[in-house]
Amino acid sequence: MSDRVIRAAGLAAVLFVVLILISAFVAGAPPSADASADKIRAFLVDHRSALLISNFLGLLAVPLVVWFVVVLREVVLGDRLANALGTAAVAGILITAPMAMAGGAISVSPLYADGVAGKLGDDTVRIVFEAQNLLFASTSAGIVLFAVAAALAIRRSGALPAYTMWVGLLAAALNVVAMFSTLSAGASGVGFLGLIGFALFLLVAGGTMVAGKARPALQP
C-alpha cells in the first residue's frame, strides 16, 4: 500500500474527528436524559436547525471513518492473528456506524417537518429523546471491539508506534464505562466518555499515519 494512501486515510480519520466534535457541540449542551418533557421539547424546538446540521455532519463523517479503518486493516496485515484482529476492527466500525446513524435519525425525526416537535405529547418527546440517547450509548459496544482489536493488531504487527496501542486500549476502557449509561437515565452523562475516547484514538492513530509514521507489516 502506498504511503500516499496511508496518509490520506489518516487525514480521513482526523477530518472524521473534526466533523463529529462539531456535530456534538453545534447545538450546545442537551438536557439530561431524565429532564422534564417540557425542557426536552424546548431544546428540540429552539435548536432545530443546529440539530439537523449536526445529523448531516454525522452522515458526512461516516464514510471517512470506514475508509480509515479499512486502510488500517491493510496496514496491520501480517500473520493470521493480525489479520483476524484487523478484520475484527472493521467489524466493530460496521456495528458502530449504523447505530450512530440510527440515533441521529431518531434524534431529528421530530424536527424533520418544521413545527411538529412543539406539538408532540410528553410521552412521545421522552421516548424519542431517550431512544436516541440509548442508541448513541450502544455504539460503545462496537467501539470497544474496534479499539481493542485495532490496538492488539498494532501491537502484533508493529505497523504503528506503540503509543497508539495504549491510546486504543484507553478508548476501549472509556467505552466500557460508557456502557453503564444504559442502566439509568441518571447515568447518561458518562456516555460522553466513550465519544472522547473514540475521538482521541482516531486523532492519534490518524495523525500518526498523516505524519508518515505508519509502516505496513507486509512490505510490497
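In the predicted model, Glu74 is partly exposed, with a relative accessibility of 35%. The side chain of Glu74 meets that of Arg73 in a salt bridge, with an N to O distance of 3.2 Å. Arg73 likewise counts as partly exposed, at 24% relative accessibility.

This pair belongs to a set of seven salt bridges held by the structure. Another of them joins the side chains of Asp79 and Arg156, at 2.7 Å from N to O. Here the pair links distant parts of the chain, since Asp79 is placed in the loop between H3 and H4 and Arg156 in helix H5 (residues 122-157), 77 residues apart. Asp79 has a relative accessible area of 34% and is therefore partly exposed, the range for that class running from 20% to 50%. Arg156, at 47% relative accessibility, also falls in the partly exposed class.

Helix H5 contains a further salt bridge, formed by Glu130 with Arg126, in which the closest N and O atoms are 3.3 Å apart. Both residues lie in H5 and are separated by four residues, about one turn of the helix. Glu130 is partly exposed at 25% relative accessibility, and a relative accessible area of 25% places Arg126 in the partly exposed class as well. Elsewhere, Asp38, Arg41 and Asp122 are linked in a network of salt bridges.

Helix H1 spans residues 3-25 and comprises 23 residues. The distance from its first C-alpha to its last is 34 Å, close to the 33 Å expected at 1.5 Å a residue. Buried positions in H1 include Ile6, Ala9, Gly10, Ala12 and Ala13, and further along the helix Phe16, Val17, Leu19, Ile20 and Ser23 are buried too. The buried residues of H1 pack against two helices, H3 (48-76) and H7 (191-210).

Phe68 illustrates this packing from the side of helix H3, in which Phe68 is placed. With a relative accessible area of 1%, Phe68 is buried, because this value is under the 20% limit. Apart from neighbours within four places in sequence, Phe68 is in contact with Ala9, Gly10 and Ala13, among others. The further contacts of Phe68 are with Phe146, Leu202, Ala205, Gly206 and Met209. Ala9, Gly10 and Ala13 are among the buried residues of H1. Phe68 and Arg7 are 61 residues apart in sequence, and their C-alpha atoms are 9.8 Å apart in space.

Helix H1 also contributes to the surface. Ile22 is located in H1 and is partly exposed, with a relative accessible area of 40%. Together with Val18, Val26 and Ile53, Ile22 makes a nonpolar surface patch of about 300 Å². As patch residues must have over 30% relative accessible area, the 40% of Ile22 meets this requirement.

Ser107 lies in helix H4 (residues 80-108). The relative accessibility of Ser107 is 16%, so this residue counts as buried, the cut-off being under 20%. A polar atom of the Ser107 side chain lies 2.7 Å from the backbone oxygen of Gly104. When neighbours within four places in sequence are left aside, Ser107 is in contact with Leu44 and Gln132.

Key
Residues are numbered from 1 along each chain as its sequence is written. This is a predicted model: local features need pLDDT of at least 70, side-chain atom pairs count only at pLDDT 80 or more; totals for chains, interfaces and linings use all residues. Side-chain values use heavy atoms; hydrogens and water are left out. The expected span of a helix is 1.5 Å times one less than its number of residues. Buried means under 20% relative accessible area, exposed over 50%, partly exposed in between (1.4 Å probe, protein chains only). Contact means heavy atoms within 4.5 Å. Patches are made of residues with over 30% relative accessible area and no salt bridge: like charges are joined within 9 Å, nonpolar side chains (Val, Leu, Ile, Met, Phe, Trp, Tyr) within 5 Å. Accessible areas come from the Shrake-Rupley method with a 1.4 Å probe; for residues, only the protein chains shown count as cover. A salt bridge is a side-chain nitrogen of Lys or Arg within 4 Å of a carboxyl oxygen of Asp or Glu. A polar contact is a pair of N or O atoms within 3.5 Å; within protein, one must be able to donate a hydrogen and the other to accept it, and residues adjacent in sequence count only if both atoms are side-chain atoms.
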